[in-house]
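Welcome to a short tour of a protein model. Take a moment to turn the structure around before reading on.

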Amino acid sequence: MNSTIDEITLLHQAQARAPSHHMVMRGIGEEIDLEIGPGDDDPSFSSTTLVGVTTHEPVAPEEQEDHKQLLLSSQAPGEGQPQLVKAPQGKRKKKVVKKWREEWADTYKWAYVDVHEGTPRVFCSICREYGRKHRRNPYGNEGSRNMQMSALEEHNNSLLHKEALRLQMASKDKGVPVIERPVYVKALMSKSASSILESVLRRDPHEVEFIQCVQEVVHSLEPVLVKNTQYIHILERLLEPERAIIFRVPWVDDRGETHVNRGFRVQFSQALGPCRGGLRFHPLMTLSIAKFLGFEQALKNALSPYKLGGAGGGSDFDPKGKSEAEIMRFCQSFMDELHKYLGPDQDLPAEDLGVGPREMGYLFGQYKRLTGHFQGSFTGPKIFWSGYSLRTEATGYGLVFFARLILAEMNKELKGLRCIVSGAGKLAMHVLEKLLSCGAIPITISDSKGYLLDEDGFDYVKISLLRDIKVQQRSLRDYVKSNPRAKYFEDAKPWSEQCDIAFPCASQNEIDQPDAIALVNSGCRLLIEGSNMPCTSQAIDILRKSKVLVAPAKAASAGGVAVGELELSNECNLMQWSAEDFEAKLQDMMKQTYERSLKTASEYGYLKDNPEALVHGGNICAFLNLAHAMIDQGCV
């Protein structure tokens with residue numbers, strides 16, 4: 001009897017020594033099963049709001065080992081120990097399940113709670129599986145194991161937990177890995193559209209950016225699919241890229257150390273012609289982003305006057321902080337593999353985030369060296385590397401011309417309107433430049449650290465200063481030294497500033513739901529997308545309900561696509577064009593795209609005053625151009 005009392009005393013001491021485990025004393029032999037659903041006696045469990053998992057410090061290994069030994073010793077009763085009867089199960093067991101799940105979620109940061117098929121489950125944040133789907137069940141009893149081998153101890157002894165610790169140590173400089181944000185799925189009216197989206201979700205559940213892009217397009221195409229069911233199978237084929245290339249990019253830095261990055265190129269569709277699309281060098285680059293960029297580019301090119309295929313790609317290489325020699329070596333290694341899939345009749349890369357004239361020059365030089373001939377086929381900073389390109393200006397200027405077309409329908413003009421612009425790259429600078437020439441008042445520009453506000457508006461001298469700051473890779477804060485009336489706001493976005501028009505020109509999903517609310521409250525009534533998919537799905541819902549007119553990037557930034565193709569065409573020689581001829585041609589191309597989008601939208605029931613008319617019209621027009629070509633070419 002005394003031995004039994006001693007063991008119970010030891011267990012209480014173990015509980016006091018390891019408070020972070022949140023141990024709960026239960027009857028010996030009582031099993032706990034995390035696989036059962038919520039109890040009938042606790043109907044509130046299934047509707048309980050699930051909250052994010054808080055982070056705790058890991059338990060010291062010495063305490064874990066002592067705790068484990070104490071638990072194991074209690075499982076073998078002595079000779080004189082009386083036989084203990086199992087605690088009654090049933091409803092009480094189900095209450096215990098609820099309590100244990102709550103303790104588990106609060107105790108261990110490598111787990112999270114989510115609802116699966118209507119039942120809350122405890123998932124592992126490494127493999128995102130739950131319960132007995134693991135090789136060893138880290139969340140509950142396994143076979144005949146009793147309650148005293150707790151879920152936490154079981155997980156600590158599993159291979160899964162050891163892998164989690166390894167990942168934690170590897171990412172200690174980058175912070176604790178977080179669970180990917182869930183996919184926001186809109187309700188679709190037609191069953192066929194829903195089935196298409198569901199198939200994409202099943203096939204690529206973790207490609208959040210690509211799913212978001214597909215969802216927007218499928219939402220626009222609902223009336224098309226209802227009107228002609230033949231397009232359902234066409235869309236299913238279109239949503240799978242023709243080819244996706246993933247390759248390693250080894251390179252050596254200036255200290256002689258070897259690094260390996262990952263390269264991507266997704267050739268989404270060549271139904272209308274050879275692929276055109278940008279290359280993006282950014283540390284957050286993934287296959288999902290490459291697919292989203294390729295799909296967006298395929299639709300954008302299909303909407304432009306020049307029918308081309310679409311592609312996207314890049315690498316998770318970060319050119320910031322790298323020397324010229326390091327960037328050159330990386331670009332050469334990148335092209336060593338990618339050149340096999342490029343050519344004037346196959347795929348031609350262009351600039352994107354992190355890839356400018358310097359990077360395109362290195363890429364083209366290595367491409368020329370590997371292929372053995374000078375094709376001049378990259379849509380980059382030079383025309384056949386012998387003169388200046390108008391392509392970058394065409395994208396930025398085209399955004400402003402597109403805004404003027406929309407305002408003209410409202411009997412308004414740009415002059416005197418306050419405009420906020422995000423980003424600080426070539427696109428944003430050219431938007432500032434053209435807004436100024438049209439009499440508008442651009443007041444903001446931003447980078448990854450914050451945004452710059454000049455209530456007086458930027459002029460040509462100030463824009464020249466901004467260009468110098470960016471070329472020298474200095475912070476936008478330095479602008480305030482020369483212009484004391486300006487303000488730089490760290491860790492903030494410009495969307496709360498009073499404005500009439502917004503030009504997001506930074507990156508995808510830069511405007512989330514709170515930013516959209518701030519835009520509406522700031523008086524914005526027109527949003528011209530410069531970057532691809534700058535708004536999250538939730539932000540789009542807010543803007544739509546608030547009657548903010550959105551001009552999609554597929555249409556608004558089509559100027560760069562058209563002029564880029566003209567640069568490569570033998571029919572035109574842009575080097576002989578004056579600035580007036582160039583702008584007249586660009587305005588004509590933007591007007592064609594605008595009118596084509598509105599006409600298609602009206603044919604499918606979207607009126608001109610609908611704030612989403614341009615979005616739906618552009619998506620439908622681009623898809624129909626692709627679909628007709630795919631039907632003519634057969635099932636390929």
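This report goes from the whole chain to helix packing, then to charged side chains.

**The whole chain**

Keep in mind that you are looking at a predicted model. The chain contains 21 helices and 15 strands. Of its 636 residues, 52% are buried. Now think about which parts of the chain touch each other. If we take the contacts between residues at least 6 apart in sequence, 69% of them join residues at least 24 apart.

**Helix α8 and its two partners**

Find helix α8, which covers residues 230–238, and then helix α7, which covers residues 208–227. Their axes lie 9 Å apart, and the two helices pack at an angle of about 150 degrees. An angle over 145 degrees counts as roughly antiparallel, so α7 is roughly antiparallel to α8. Which residues make this contact? From α7 come Val218, Leu221, Val224 and Leu225, and they meet Tyr231, Ile232 and Leu235 of α8. Sorted by class, the contact of α7 with α8 has seven nonpolar residues, with no polar and no charged ones.

Helix α8 also packs with helix α21, which runs over residues 613–633. Here the axes come within 10 Å and cross at roughly 95 degrees. Angles from 65 to 115 degrees count as roughly perpendicular, and therefore α8 and α21 are roughly perpendicular to each other. On the α8 side, the contact is made by Gln230, Tyr231, Ile234, Leu235, Arg237 and Leu238. On the α21 side, you can look for Phe623, Leu624, Leu626, Ala627, His628, Met630 and Ile631. By class, this contact of α8 with α21 has ten nonpolar, two polar and one charged residues. Tyr231 and Leu235 of α8 take part in the contact with α7, and Tyr231 and Leu235 are also listed in the contact with α21.

**Salt bridges**

Next come the charged side chains. How many salt bridges does the count come to? The count is 27 salt bridges. Here are some of them, with the distance between N and O atoms.

| Acidic partner | Basic partner | N to O distance |
|---|---|---|
| Glu242 | Arg243 | 3.9 Å |
| Asp253 | Arg255 | 3.6 Å |
| Glu324 | Arg358 | 3.2 Å |

Let us see how accessible these partners are. Glu242 is partly exposed, with a relative accessible area of 40%, and Arg243 is partly exposed at 31%. Is Asp253 buried or exposed? Asp253 is buried, with a relative accessible area of 5%, whereas Arg255 counts as exposed at 65%.

The salt bridge between Glu324 and Arg358 links distant parts of the chain. Glu324 sits in helix α10 (residues 324–338) and Arg358 in helix α11 (residues 357–371), 34 residues apart. Glu324 is partly exposed with a relative accessible area of 43%, and Arg358 is partly exposed with 29%. Elsewhere, Asp204, Glu207 and Lys291 are joined into one network by salt bridges that share partners.

**A buried acid without a salt bridge**

Finally, look for Glu497 in the loop between β12 (487–490) and β13 (501–503). Glu497 is buried yet has no salt bridge. How far away is the nearest side chain of opposite charge? That side chain belongs to Arg418, 5.2 Å away, while a salt bridge needs the atoms to be within 4 Å. What does Glu497 contact, leaving aside its neighbours within four places in sequence? Its contacts are Ile420, Ile443, Thr444, Tyr451, Leu453, Glu455, Phe489 and Ser522.

Definitions and conventions:
Residues numbered from 1 in each chain as written. Predicted model: local features only at pLDDT ≥ 70, side-chain atom pairs only at ≥ 80, totals over all residues. Heavy atoms only, no water. Axes fitted to C-alpha atoms, helices over the stretch in contact; angles between N-to-C directions. Helix = DSSP H or I, 4+ residues; strand = E, 2+ residues; numbered from the N terminus. Parallel < 35°, antiparallel > 145°, perpendicular 65-115°, else oblique. Contact = heavy atoms within 4.5 Å. Nonpolar A, V, L, I, M, F, W, Y, C, P; charged D, E, K, R; others polar. Buried < 20%, exposed > 50% of the residue type's maximum accessible area, 1.4 Å probe, protein only. Lys, Arg positive; Asp, Glu negative; His and termini not counted.
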